[in-house]
Amino acid sequence: MIEILSPAEVERGKRTGALVADILHGLKARVKVGTNLLEIDRWAKAMIEAAGAQSCYVDYAPSFGRGPFGHYICTGVNDAVLHGKPHDYRLGDGDLLTLDLAVLRDGVAADAAISFVIGGAGDDESRALIDVTERALAAGIAAAAPGARTGDISHAIGTVLRQAGYEINTDFGGHGIGTTMHQDPHIPNDGRPGRGVPLRPGMMLAVEPWVMADTDVLVTDADGWTLRSKTGCRTAHSEHTIAITDSGADILTLPSSS
Ligand code: MF3
Ligand code: CO
């Protein structure tokens, strides 16, 4: 089912989105060389609870994971690109970290992800991976408007990734979101323009390009959740929740100070 949210619900989605962004950027500012992924998970839990929101992850048990996720945020390091399950690991200088967070507040969910390098400026490959996912995200959002279709978003993302020389995996991608985190339609990170579901005002969508440096093949970690690049190469992921408006799309997951 494709959900169309009322203007009041989209307003609530904007508040949930600002909370998600504030938590992600607050964590980014706090995470240092030596921070343990389990500390990040504890901080995320505390920040979600302090805001009176609920985790979309802790009890989540979809077919693509083994049992409930059991944590509050996804933490993917280097080759871990999606659904990174927090574990006892201390971040090192130069590690590429992806944080992915979805919460529900006042009945409306929001989902966002950021990737960044720990410590110094980072290596060229990491910077290129992060940059291409951010550019693909911006292109996907720019293609989102009433009258366009999900395939237009997919095509815009895929064009940026492909032109940068990356192979694209379409097994996991963007999705509808609203009163729950994962809804139809699926928005693969590549596709044909003019195809797919027509976009309408009141639709909320999570747009989430991700990329692996030298492969399009994922492997599942022994933890039953974390998806890694098969070759062990580095990866990046950027995600926003947007709402289709009468004239285009609003980004809901922007920090409250922006
Ligand atoms: N937020 C992720 C997505 O972008 C889903 C993570 S599910 C989890 O769609 F259970 F792994 F957290
Ligand atoms: Co998502």
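How are the donor residues of the cobalt ion (ligand 2) spaced in sequence? The spacing is D-x63-H-x32-E-x30-E. This is a predicted model, in which local features need pLDDT of at least 70, side-chain atom pairs count only at pLDDT 80 or more, and totals for chains, interfaces and linings use all residues. Residues are numbered from 1 along each chain as its sequence is written, chains are lettered from A and ligands numbered from 1 in the order in which they are written, and side-chain values use heavy atoms, with hydrogens and water left out.

**Cobalt site**
- Asp111 (OD), His175 (NE2), Glu208 (OE) and Glu239 (OE) are the protein donors of the cobalt ion (ligand 2), at 2.1 to 2.2 Å; donors are N, O and S atoms within 2.8 Å of the metal (3.2 Å for Na, K and Ca).
- The arrangement around the cobalt ion (ligand 2) is irregular because its six donor atoms subtend angles of 53 to 174 degrees; six donors count as octahedral if opposite donors are over 155 degrees apart and all others between 65 and 115.

**Ligand 1 contacts**
- An N or O atom in the side chain of Asp111 is 3.0 Å from a nitrogen atom of ligand 1.
- Oxygen atoms of ligand 1 lie 3.2 Å from a polar side-chain atom of His175 and 3.0 Å from a side-chain N or O atom of Glu239.

Note on methods
A polar contact is a pair of N or O atoms within 3.5 Å; within protein, one must be able to donate a hydrogen and the other to accept it, and residues adjacent in sequence count only if both atoms are side-chain atoms. Four donors count as tetrahedral if all angles lie between 85 and 135 degrees; four count as square planar and six as octahedral if opposite donors are over 155 degrees apart and all others between 65 and 115; anything else is irregular.
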